[in-house]
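Let's go through this one in question-and-answer form. Have the sequence and the coordinates open while you read.

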2 protein chains.
Amino acid sequence: MTRFALTVEFDGRSFMGWQRQDHGPSVQQAIEDAAFAVTGERTTVHAAGRTDAGVHATAMRAHVDIAKPITAFRLGEALNARLRPNPVAIVACEVVPDDWHARFSCLGRAYEYRIVNRRAPLTWEKGLAWQVAQPLDAAAMHDAAQLLVGRHDFTTFRSAHCQSASPVKSIDRLAVRREGDRIMVEAAARSFLHHQVRSMVGCLALVGLGRWSAADLRDALEAANRARLGLNAPPDGLFFMGARYPARPEAAA
Amino acid sequence: MTRFALTVEFDGRSFMGWQRQDHGPSVQQAIEDAAFAVTGERTTVHAAGRTDAGVHATAMRAHVDIAKPITAFRLGEALNARLRPNPVAIVACEVVPDDWHARFSCLGRAYEYRIVNRRAPLTWEKGLAWQVAQPLDAAAMHDAAQLLVGRHDFTTFRSAHCQSASPVKSIDRLAVRREGDRIMVEAAARSFLHHQVRSMVGCLALVGLGRWSAADLRDALEAANRARLGLNAPPDGLFFMGARYPARPEAAA
């Protein structure tokens, strides 16, 4: 048995989310089916995070155990060949030690949320960004975002379906910047609650629109009450950008 | 009659190109049909450039004459409402003088060509970039590109269907840069021949792959012979990025 770490890019518009489920296509199932086609083995693909329906990834990290002798290069190529025409791509594949776990070894996750701030509808970015027609004040959003950085009870920003044992999480970075008519929100933490990034972005957008003050955001956080959530941003603009792991002395290729 | 200048974004995957034609959907027709729905007037929309099937635009410039009294803001909003669900968006609309012509007043056009240089297939960028699996040397491409800058006979880089009176054009800028696994080619000129940007990018890719030297590129240019074209890049990666016009003393809104 060899453990392979995968770096996966996918277009969330085609899937019910990362996790395998009965009622629709998932990224996990697409990769597991491709692995079966390549190896004849029924395997489970474990990911750093479970993304929701409509959420994308540029660099989701995952791992899979394969018995068949195959190099990392050949496995990556073969998975990509079998994944077509699904919008899922294995952008990197490497051998890792048996105790390397995409989810449990992960030290940090990074997301990016993309807003297009203009009146005109989206064209090729439809489903790949959140269009907000009213002008957003990105500087005010960034300033307010700093209230969420650090260790807090994020109950307000947590889905009712969240399975995390605790609502307390530690946000390492939450940065908002404008690039022309685009507003990019970068979020980094060891881990996030279900819907946490979308809920934080939704409330920051209220601040950017002038409908919430920074104090309103602080009150919502301190209330630790989901009913105080101002707005949950749509999945469209959310991208899983990468995961961080302990450095390894030697990385086998 | 009021003349309105439009700035148009569109996803070329849905169209046979900019220009109205009998055998399939065009961006021009989509906008003209939307204008008819808004005003009841059958108008012609003139663009700064005619893009091919599969070519995109972030900021195509165009103009249209409307008799019905309507403000630029209302016209832009109404066109966008009627353009749905076509992937075409009017991102700006303004009143211009009657002698302002999107094509004939245009002083310069800018294109960007996007290459994703990796083995893995594209996911959400499918049709929005050219995937090149073998490693490209962007610095070599940029150096060779400088041979094409300036005034030359571009017969080698011109489609057999090109209707331009002369094959002589003057390239103001042709810059190649790498950003991670992306290679971006920026091209600017007063005007381009049919297929010129795609043909230049295709041959620069041969240089980047090491299959052509810079001298091969120079020889192909100097041959002024379409048969010497090395490669025509696919339309997927090509974006019309903007057009330049003479400054106007006052711009009416």
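Q: Is A:Tyr111 buried or exposed?
A: This is a predicted model, so keep that in mind for everything that follows. The relative accessibility of A:Tyr111 comes out at 12%. The cut-off for buried is under 20%, so A:Tyr111 counts as buried.

Q: Which residues does A:Tyr111 touch, not counting those up to four places away in sequence, and what does UniProt call the position?
A: A:Tyr111 is found in strand β5 (residues 108-116) of chain A. Its contacts include A:Thr51, A:Phe192 and A:Val197, along with A:Val185, A:Glu186 and A:Ala187. Further along the chain, A:Leu238, A:Phe239, A:Phe240 and A:Met241 are on the list too. In UniProt, an unreviewed entry gives A:Tyr111 the feature "binding site".

Q: Where is A:Val116, and is it buried or exposed?
A: A:Val116 also has its place in strand β5 of chain A. Among the residues it touches are A:Leu122, A:Trp130, A:Val132 and A:Asp181. Its relative accessible area is 1%, and the cut-off is under 20%, so A:Val116 is buried.

Q: What separates the C-alpha atoms of A:Val116 and A:Arg178?
A: Along the chain, A:Val116 and A:Arg178 are 62 residues apart. In space, their C-alpha atoms are separated by 9.8 Å.

Q: Which side chain does A:Asp52 join in a polar contact of 3.1 Å?
A: UniProt lists A:Asp52 for "active site", again in an unreviewed entry. A:Asp52 lies in the loop between β2 (46-47) and β3 (56-66) of chain A. Leaving aside neighbours within four places in sequence, A:Asp52 is in contact with A:Met16, A:Gly17, A:His194, A:His195 and A:Arg198. The side-chain partner in the 3.1 Å polar contact is A:His195.

Q: Which elements do the buried residues of α2(A) pack against?
A: Helix α2 (residues 72-83) of chain A has twelve residues and reaches 16 Å from first C-alpha to last, close to the 16 Å expected. Its buried residues include A:Leu75, A:Leu79 and A:Leu83. An α-helix has 3.6 residues a turn, so residues three or four places apart point the same way. The buried residues of α2(A) pack against β1 (2-10), α1 (27-39), β3 and β4 (88-96) of chain A.

Q: What kind of axis relates chain A and chain B?
A: Chain A can be laid on chain B with an RMSD of 0.0 Å, using a turn of 180° and a shift of 0.0 Å along the axis. The same surface serves both copies, with 100% of the contact residues of chain A recurring in chain B. That turn and shift are the relation of a two-fold axis.

Technical notes:
Residues are numbered from 1 along each chain as its sequence is written. Chains are lettered from A and ligands numbered from 1 in the order in which they are written. This is a predicted model: local features need pLDDT of at least 70, side-chain atom pairs count only at pLDDT 80 or more; totals for chains, interfaces and linings use all residues. Side-chain values use heavy atoms; hydrogens and water are left out. UniProt positions are given in the numbering used here, feature names are shortened, and annotations may be inferred rather than shown by experiment. Helices (H or I, at least four residues) and strands (E, at least two) are DSSP runs, numbered from the N terminus. Contact means heavy atoms within 4.5 Å. A polar contact is a pair of N or O atoms within 3.5 Å; within protein, one must be able to donate a hydrogen and the other to accept it, and residues adjacent in sequence count only if both atoms are side-chain atoms. Copies are superposed by least squares on the C-alpha atoms of residues with pLDDT of at least 70 in both. The expected span of a helix is 1.5 Å times one less than its number of residues. Buried means under 20% relative accessible area, exposed over 50%, partly exposed in between (1.4 Å probe, protein chains only).
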